[in-house]
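Welcome! Please take a moment with the sequence and the 3D view below before reading on.

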Amino acid sequence: MNIHRAETFFIRVAAATMLAFFAILVYLAVADRFVPPSHQQTIDPATVTSTAPFDHPGLVRTGPNTYDAYYVARVFSWSPQNLTIPLGSTVTFYVTSLDVVHGFTIPDEDVNVEVVPGWVSTVKRTFRKPGKLLLLCNQYCGIDHSAMYASVTVK
Ligand code: CUA
């Protein structure tokens, strides 16, 4: 088989580009701990509302400056609708869905995790700026998807 020199050159460029992108991906995964949500905790969507701690969604203090926040998603609302987070605290969010796939997103804090029924998604963030933040759903989940929002107040 005879491959033209120009073609060989571009095959090498393409291969080098793919290797470079893969190296960046590995670097991000290791250096920034940039990983997909764990999906290691499962829950029966039918019993979420009677299973602690999701039977009382909200903020739970776990240390001097750390909290766990439990959220339940359903068409078309978040529970809790309003959450107040102390300024400077680190919050681990645990989010699950009662029905369909939703997207748990706080755009101003770069929080974004997919919420899949049957699973508990987690994401952790430290809140350093005071203010009222919008919590959105970013997965199209039905006719009132655009009405699925809540607020998070940092103070
Ligand atoms: Cu929930 Cu879109």
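What follows is a short guided tour, from the whole chain down to single residues.

**The whole chain**

Keep in mind that this is a predicted model. The protein has 1 helix and 11 strands. Following the sequence from its start, you meet them in the pattern α-β-β-β-β-β-β-β-β-β-β-β. The radius of gyration is 21 Å, well over the 15 Å that the globule rule gives for 155 residues, so the protein is more spread out than a compact globule. If you draw a box around the C-alpha atoms along the principal axes, it comes to roughly 70 × 35 × 30 Å.

How is the chain divided into domains? The domain assignment gives domain 1 (1–34) and domain 2 (41–154). Taken over C-alpha atoms, the centres of domain 1 and domain 2 are separated by 38 Å. One pair of residues offers another way to look at distance in the model: Val 30 and Tyr 140 are 110 residues apart along the chain, and 31 Å separate their C-alpha atoms.

Some overall figures help to complete this first view. Of the 155 residues, 33% count as buried. The accessible surface of the protein comes to about 9,700 Å², and 59% of that surface belongs to carbon and sulfur atoms. Turning to contacts between residues at least 6 apart in sequence, 59% of them join residues at least 24 apart.

**A sheet of five strands**

Now look for an open sheet of 5 strands, with the order S5-S11-S10-S7-S8 and mixed pairing. S5 and S8 are the edge strands, each pairing on one side only. On average, neighbouring strands of this sheet are turned by 20 degrees against each other, direction ignored.

The table walks across the sheet, one pair of neighbours at a time.

| Strand pair | Sense | Bridges |
|---|---|---|
| S5 and S11 (149–154) | parallel | 4 bridges |
| S11 and S10 | antiparallel | 6 bridges |
| S10 (131–137) and S7 | antiparallel | 2 bridges |
| S7 and S8 | antiparallel | 5 bridges |

You can find these pairings in the 3D view by picking out residues that face each other. Starting from the S5 edge, Leu 83 stands opposite Val 152 in S11. Moving across, Leu 134 stands opposite Ser 151 in S11. Thr 105 has Leu 136 in S10 as its bridge partner. Finally, Ile 106 is partnered with Val 111 in S8.

Strand S8 deserves a closer look. Which of its side chains are buried, and which are not? Along S8 the side chains alternate: Val 111, Val 113 and Val 115 point to one face and are buried. Asn 112 and Glu 114 point to the other face and are not buried.

**Loops worth visiting**

Between strand S7 (102–106) and strand S8 (111–115) is a loop that holds Asp 110. S7 and S8 form a hairpin with 4 residues between the strands, and in this hairpin Asp 110 takes a positive phi near 60 degrees. Why is that worth a remark? Most residues other than glycine have a negative phi, and most peptide bonds are trans. Is Asp 110 buried or exposed? Asp 110 counts as exposed because its relative accessibility is 62%, where the cut-off for exposed is over 50%.

Another loop, the one between S10 and S11, holds Tyr 140. At 61% relative accessibility, Tyr 140 also counts as exposed.

The last two stops are at prolines. The peptide bond from Ala 52 to Pro 53 is cis, with omega near 0 degrees. Pro 53 is in the loop between strand S1 (41–42) and strand S2 (58–61). A cis peptide bond also joins Ser 79 and Pro 80, with omega about 5 degrees. Pro 80 lies in the loop between strand S4 (77–79) and strand S5 (82–85), and S5 brings you back to an edge strand of the sheet.

Conventions
Residues numbered from 1 in each chain as written. Predicted model: local features only at pLDDT ≥ 70, side-chain atom pairs only at ≥ 80, totals over all residues. Heavy atoms only, no water. Buried < 20%, exposed > 50% of the residue type's maximum accessible area, 1.4 Å probe, protein only. Domains from an automatic or database assignment. Pairing = 2+ DSSP bridges. Axes fitted to C-alpha atoms, helices over the stretch in contact; angles between N-to-C directions. Rg over C-alpha atoms; globule rule 2.2 N^0.38 Å. Contact = heavy atoms within 4.5 Å. Areas by Shrake-Rupley, 256 points an atom, 1.4 Å probe, with all protein chains shown as cover.
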